[in-house]
Amino acid sequence: MIQYKINKPLRIASIDNDEFLLAIPREQVKIKINQDVLDFIQYLSDLEEFNEDIIDKYLLDESSKDDYIELFSSFQSEKLIIPVN
Amino acid sequence: MSISIKWDITYKCNLNCKHCINGNYLGNINDELTTEEFITVAEKLSHMDIAYIHLLGGEPTARTDFTDILKTFDSYNLNFGFNTNGLKMNDTNLLNYVIDNRHLKNIVFSIEGPNAEINDSIRGKNVFNLITKNMRELIKLKNEAHRDDLVITINTVLSKKNVNYIKQMIEFCLDMGVNEFVLLQFIVKGNAIENNESISFEDELKVVEIIAENYATVKNRLKIVPRFTYPMAKIYSERILKKEFPEIRHMCGAGTNFAFLNNKGELYPCDRYQETIQNNNKTNEINLKNNNFWNIWSKENYSDLFEKSESTYSYKNISTCNTCDFLQKLCFPCPVNLNEGFNEINTSCNRFIKLMKGGCM
């Protein structure tokens, strides 16, 4: 299974009650995210590396697992997470 | 979007202009990057997605290795431009490098007035005649070489001394055959603290009206960039004066797609944010000659300006900004001074709004 890391540095600005602007300077990408997504990104940021199994560790219940799998996949395509070496 | 870099490559200068915002740095050339160190830094940048590098100072051409610097950018395929006072642009060797350098995209000449009297009162004796002679020669060579991709710009800092000569400046730009005329705001910093010639709103309005009056007839020959004012001036021109007006943008990519390098190779999110970065970091740890760009870019204070400029909360107490449609689209008022509770900002927008509502100035 491919190991990933967060594509640091990140820039985060609060733009609304539950909305944040996230920039990835290395990729020159800006995306709008909500608090739940930000919490997940911050959790991943503290890890040196991780793979998709991290979703099971992160989630307290299984009900939203599919959403997080989709989110993980979008992180890959946005290059918010990149393979370790 | 790639990264753009503003790089003060030297604080040597052969002039000492009255409004120079870097006046306090001039002559501070200890630890300035050597040619080899300059190449090391440029080589690092060449591995990144860099859109453009603009060289300033001081006077970039005052570096004795300036032609080596030109060659370095060319060999690393880095698009760049530079500001100059134009005095050294009569050097045939330098002119040849300039014309042949396909990665050189912009040369900006600083000229403060349409004649020697006004210009030289700010920039120094006999400067105007020398610059205009050198500029004409450069433009002739550029045209002969069909370098349409090389933009020649005249920068003018609006001050009490030149504010009544903007129509003549536009005519002067057309006569010189430059591509672009940029009008800059007077910033009270450096030498300008002792020589404060900043203009009033009434003068700003006068300049807006002159640009509005002339823009439609000159726009195909000369790009006018009114950086001295804010997007509200364009609305005023279109709604009240019923005249076309060039686009006004005040973008801020500090810490994301904009970076500043000083003459020592220290990397900052913006030239206006050096003090905070220096207070919280060791300067050897933010120097690009011996550190990785992204390691420096990951340091905590490097995200401050993004957090401020992109957050809607930063401007919520500023009455002229918090209802503005341009905010964080075309206009990012400088976030450096935005602190909690900050409720005023030094723009002329509220005056333009008042005028449009039919109020007096």
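Where in chain A is the place of K79(A)? In this predicted model, K79(A) sits in the loop between α3 (65-77) and β5 (81-83) of chain A. Its backbone is notable there. K79(A) is not a glycine, yet its phi is positive, at about 60 degrees. Most residues other than glycine have a negative phi. The relative accessible area of K79(A) is 44%, so this residue is partly exposed.

The setting of that loop follows from the chain as a whole. Chain A holds 3 helices and 5 strands. Read from the N terminus, the order of elements is β-β-β-β-α-α-α-β. Chain A has 85 residues, and a compact globule of that length would have a radius of gyration near 12 Å. The value for chain A is 12 Å, which agrees. The C-alpha trace spans about 30 × 30 × 20 Å along its principal axes.

Burial, contacts and charge complete the overview of chain A. Of its 85 residues, 40% are buried. Among contacts with a separation of 6 or more, 46% join residues that are 24 or more positions apart. The accessible surface amounts to about 4,900 Å². Carbon and sulfur atoms contribute 43% of that surface. The side chains include 9 positive and 18 negative ones. The centres of these two sets are 11 Å apart.

One buried position links several parts of chain A. I24(A) belongs to strand β3 (residues 19-24). Its relative accessibility is 0%, and I24(A) therefore counts as buried, the cut-off being under 20%. Beyond the residues up to four places away in sequence, I24(A) touches N7(A), P9(A), L10(A), V29(A), E78(A), K79(A) and L80(A). K79(A), the residue with the positive phi, is thus among the contacts of I24(A). L10(A) is another of these contacts. I24(A) and L10(A) are separated by 14 residues in sequence, but their C-alpha atoms are 5.1 Å apart.

P9(A), also touched by I24(A), carries a further backbone feature. The peptide bond from K8(A) to P9(A) is cis, with omega near 0 degrees. Most peptide bonds are trans. P9(A) lies in the loop between β1 (4-6) and β2 (11-16) of chain A.

Chain B shows backbone features of both kinds. The bond from G57(B) to G58(B) is a cis peptide, with omega near 20 degrees. G58(B) is placed in the loop between β2 (50-56) and α2 (66-75) of chain B. A positive phi occurs at N126(B), a residue other than glycine, with a value near 65 degrees. N126(B) is found in the loop between α4 (116-123) and α5 (127-144) of chain B. At 55% relative accessibility, N126(B) counts as exposed.

Is S237(B), in chain B, buried or exposed? Its relative accessibility is 0%, so S237(B) counts as buried. This residue is part of helix α8 (residues 231-241). The side chain of S237(B) comes to 2.9 Å from the backbone oxygen of K243(B). Leaving out neighbours within four places in sequence, S237(B) is in contact with A212(B), K242(B), K243(B), E244(B) and F245(B). K243(B) therefore appears both in this contact list and as the partner whose backbone oxygen the side chain reaches, a pair of atoms within 3.5 Å.

Key. Residues are numbered from 1 along each chain as its sequence is written. Chains are lettered from A and ligands numbered from 1 in the order in which they are written. This is a predicted model: local features need pLDDT of at least 70, side-chain atom pairs count only at pLDDT 80 or more; totals for chains, interfaces and linings use all residues. Side-chain values use heavy atoms; hydrogens and water are left out. Helices (H or I, at least four residues) and strands (E, at least two) are DSSP runs, numbered from the N terminus. The radius of gyration is taken over C-alpha atoms; the globule rule is 2.2 Å times the number of residues to the power 0.38. Buried means under 20% relative accessible area, exposed over 50%, partly exposed in between (1.4 Å probe, protein chains only). Contact means heavy atoms within 4.5 Å. Accessible areas come from the Shrake-Rupley method with a 1.4 Å probe; for residues, only the protein chains shown count as cover. Lys and Arg count as positive and Asp and Glu as negative; His and the chain ends are not counted. The place of a charge is taken as NZ of Lys, CZ of Arg, CG of Asp or CD of Glu. A polar contact is a pair of N or O atoms within 3.5 Å; within protein, one must be able to donate a hydrogen and the other to accept it, and residues adjacent in sequence count only if both atoms are side-chain atoms.
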